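Subject: Structure for your review: salt bridges

Dear colleague,

Please find below the structure that I am handing over to you. My notes on its salt bridges follow.

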Amino acid sequence: MNQLDFQEEVTQFADVILPIPVPRLFTYRVPREFAGQIQIGARVIVQFGKTKIVTALVARVHTQPPKQYQAKYILEVLDETPLVTRWQLELFSWISEYYMCHIGEVMNVALPSGLKISSQSKVQYNPDFEHPDLLTAREKEIVEEIKAKQSLTYDELARFADVKNVYHLIKSLIGKRAIIVFEEVREKYSPKVVRKIRLTSFYADPENLKALIGQLEKSPKQLDILLEYLRYVPALRDPEKNTEGTPKSTFSRNDELSDSSLETLLKKGIFESFDVVVSRFAEDTGTIATMPTLSEPQQRAVQEVTQAFQEKDTVLLHGVTGAGKTEVYIHLIEQALESGSQVLYLLPEIALTTQIVIRLKKIFGERVGIYHSKFSDNERVEVWKGVLSGRFQFVIGVRSAIFLPFDSLGLIIVDEEHEASYKQYDPAPRYHARDSALVIARMQGAKVLLGSATPSIESFYHAQQGRYGLVQLKERFGNAALPAIELIDIRQARKNREMKGDFSGELLRQLEQNLEKKEQTILFQNRRGYSPYLTCDDCSWISKCDNCDVSLTYHQRDGELRCHYCGHKEHLPRTCPACGSTKIRTQGFGTEKLEEDLQLHFPAARIQRMDLDTTRSKTAFQQMITDFEQGETDMLVGTQMVSKGLDFDKVSLVAIFDADRMINFPDFRSTERSFQLLTQVSGRAGRRKERAGRVLIQTNNTQHPILAKIIHNDYEGFYAEEIEERQAYGYPPFTRIIRLTTRHLEQQTAQAAAQKLATLLLQKVGTDRVKGPESPLVERIRNQFLFDVLLKFERNLNLKAIKEFVKETIEEVVTTKEFKGISIVIDVDPV
DNA sequence: AGCACGCCGACT
DNA sequence: GTCGGCGTGCTC
């Protein structure tokens with residue numbers, strides 16, 4: 001039996017991933033015409049349920065007909081060749097198993113929405129419509145419109161009929177058999193097209209062209225256009241060039257040339273127009289930079305990393321702030337690309353908008369694809385396709401770039417690997433990009449380089465254990481000194497009456513000096529808004545959110561109180577809502593107040609604030625950076641945004657406010673986070689040898705041990721202490737945590753369900769491994785009460801069976817009648 | 001996730 | 001008596 005016979009006789013079936021939270025794959029029948037051609041990793045369109053039409057992904061092709069049910073047909077095959085590689089499918093299932101979510105949810109974050117099909121419900125006239133007399137006058141009008149336009153979307157129909165709820169109308173018309181509804185499927189991605197102009201083949205011939213020029217003597221406007229064309233496309237000298245033509249816009253740019261003459265030439269058959277698909281990443285052929293020269297320590301680091309990769313698949317590069325890790329990366333990237341493999345360079349969201357990308361782009365040119373969440377969907381699809389086609393061998397991207405269709409990765413760099421933003425929280429999958437990168441690397445035989453000035457405890461632990469290689473860069477690039485960090489005791493300052501608002505006298509003096517020296521300052525306060533809450537002097541009322549258990553932050557610019565959890569906004573009350581008193585005061589301070597106070601102290605200073613509120617627009621962030629870089633700004637006030645990978649030459653002073661709040665945050669990671677954040681912010685100062693940097697930290701508790709570690713840049717000391725704590729209390733990296741959060745409108749129900757969950761689980765896995773239920777720090781968000789149950793398992797335990805049991809238990813609790821309306825969030829390895 | 005089928009209250 | 005509430009279960 002040859003291949004063809006086989007295909008003709010046996011029906012194929014495809015198990016597909018649906019973009020819907022269902023726990024397994026679904027089997028569809030492959031239509032005859034696609035038999036033998038359907039590829040694993042191709043997208044297909046299928047009907048799911050009675051009405052839904054969705055894009056699904058082929059995960060398996062086989063010939064076993066399902067016994068329990070009749071499989072539906074695949075409606076359409078969207079890709080002839082796989083859009084998703086085998087590795088990716090493997091990654092999808094790993095993520096869905098490890099992070100305990102549905103595989104469809106993984107597919108949903110993985111594919112840019114431009115690769116998903118949108119199905120839109122539309123209505124059309126029923127050709128078999130028999131009883132027009134049943135329609136009201138208004139309905140007749142509407143049906144006529146539908147008939148005239150062939151089809152209308154629900155929205156269009158609603159607009160035409162001018163009704164808010166269109167469903168009643170549709171239902172009525174369907175009942176009278178006047179219309180039918182259908183689903184229209186369309187591909188969202190549209191390639192960017194440029195309309196071009198060229199000579200028709202007859203006139204592309206030099207002889208004919210010469211003759212034409214003669215003929216056009218009497219139509220000067222048309223001749224102008226032809227001559228303009230020949231300036232761009234020398235068709236006389238080189239007829240071959242004509243094929244490529246020139247964009248139509250070439251002519252419209254020039255006011256001297258008339259559009260209508262061009263149209264005439266087109267009509268006469270002298271020119272023809274045609275469309276070409278072009279890249280959205282049209283190369284701004286900017287200056288191509290050469291490979292940077294490495295300092296001696298950097299060279300050594302490259303060697304050490306390369307050497308470590310001989311034995312280990314993962315290497316941690318621990319380099320102090322300003323050590324010049326980027327240059328080390330560049331050389332390793334170049335090496336990997338040289339050897340013909342792909343490279344992925346992951347960066348946290350914020351850092352991606354900065355200088356690094358521009359730099360890498362200049363060095364690696366057209367081989368680089370950039371994958372960023374601020375990009376449009378079409379752009380993301382282009383990067384995806386570029387990786388598939390081999391156009392992009394190197395991708396710089398954020399968290400979700402781990403889902404791109406690589407097939408021969410040689411190196412993955414996870415820069416700032418300690419960053420918590422690598423972990424996605426909402427929606428599921430709650431995956432960690434760094435940890436997933438390690439899995440991808442193992443699949444494809446790639447190496448992973450984790451880089452940070454302040455490695456996560458987990459990563460450093462693995463390095464200490466010998467699981468990862470460890471390479472250190474202990475000096476700053478170009479012999480620049482690490483900044484001198486000083487503490488300012490604000491408790492003492494307050495006693496001595498040296499505080500002016502939130503500024504100590506010492507800080508004000510230093511700020512002033514820096515301003516006089518024309519050097520730049522960064523002020524860090526990890527809290528946006530004007531003040532975190534309002535309070536009434538007479539009755540101790542505090543501004544609180546109606547839906548969440550948090551205070552409302554006052555935003556002065558908009559005169560609003562805002563909830564940072566649910567986005568709720570209200571106007572600033574004039575009098576106390578509780579007692580009517582007018583003595584309402586702001587309490588505490590955020591970046592907005594800091595900026596205002598700073599301006600009062602230094603009226604002449606040019607101050608810029610950088611936080612979520614001021615960087616909403618796509619370009620605002622870049623603009624602020626450019627201004628600061630060019631010395632247009634003296635002082636930059638900001639939240640943790642100012643701590644991420646910014647590299648400015650002229651910053652000599654960094655001021656840190658409210659370090660205490662961070663340090664005293666009740667969470668097992670608060671010490672780690674404080675060390676990382678404060679070290680990173682401090683690291684913005686004195687990055688060039690010529691300008692020593694100073695850091696001032698205002699604190700109530702100068703004796704706190706973590707501050708001493710930060711001052712002395714003592715990562716190892718911090719690590720030694722922290723790892724001991726983690727071991728003593730059984731926290732990661734010694735355990736793995738799964739956090740279950742119940743959510744319900746009723747506090748009682750949320751708590752009872754969490755209790756039930758805990759009880760059931762501890763019976764199975766033992767009391768030691770179950771903690772809670774307990775209220776999280778914020779007990780209520782968006783009107784839902786939350787309760788946490790923490791599961792802690794020893795690292796060496798295989799969690800597969802346990803996770804299965806956890807899922808069953810959750811299922812049991814969710815379906816319990818008395819817990820109706822409960823939802824349970826699973827977070828594996830929460831950060 | 002959506003959407004159907006299915007069993008109990010306020011309306012012509 | 002009916003319209004409609006949303007409560008449970010299925011979707012290849």
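With which residue does Arg-562 form a salt bridge, and how far apart are the closest N and O atoms? The partner is Asp-558, and the distance is 2.5 Å. Please bear in mind that this is a predicted model.

The two residues of this pair differ in their surroundings. Arg-562 counts as buried because its relative accessibility is 12%, under the 20% cut-off. Asp-558, at 35%, counts as partly exposed. Both belong to one network, in which salt bridges that share partners join Arg-528, Arg-557, Asp-558, Glu-560, Arg-562 and Asp-613.

A second pair links two helices. Arg-359 and Glu-327 form a salt bridge in which the closest N and O atoms are 2.9 Å apart. Arg-359 lies in helix H14 (residues 355-364), whereas Glu-327 lies in helix H13 (residues 325-338), so the salt bridge ties together parts that are 32 residues apart in sequence. Here Arg-359 is partly exposed, at 33% relative accessibility, while Glu-327 is buried, at 10%.

A third salt bridge brings together the side chains of Lys-517 and Glu-519, at 4.0 Å from N to O. Lys-517 has a relative accessible area of 46% and is partly exposed. Glu-519, by contrast, is buried at 15% relative accessibility.

These pairs are among the 44 salt bridges counted in the model. I suggest that you locate Arg-562 and Asp-558 in the display, and then follow the network that includes them.

Yours sincerely,
A colleague

Notes:
Residues are numbered from 1 along each chain as its sequence is written. Chains are lettered from A and ligands numbered from 1 in the order in which they are written. This is a predicted model: local features need pLDDT of at least 70, side-chain atom pairs count only at pLDDT 80 or more; totals for chains, interfaces and linings use all residues. Side-chain values use heavy atoms; hydrogens and water are left out. Helices (H or I, at least four residues) and strands (E, at least two) are DSSP runs, numbered from the N terminus. Buried means under 20% relative accessible area, exposed over 50%, partly exposed in between (1.4 Å probe, protein chains only).
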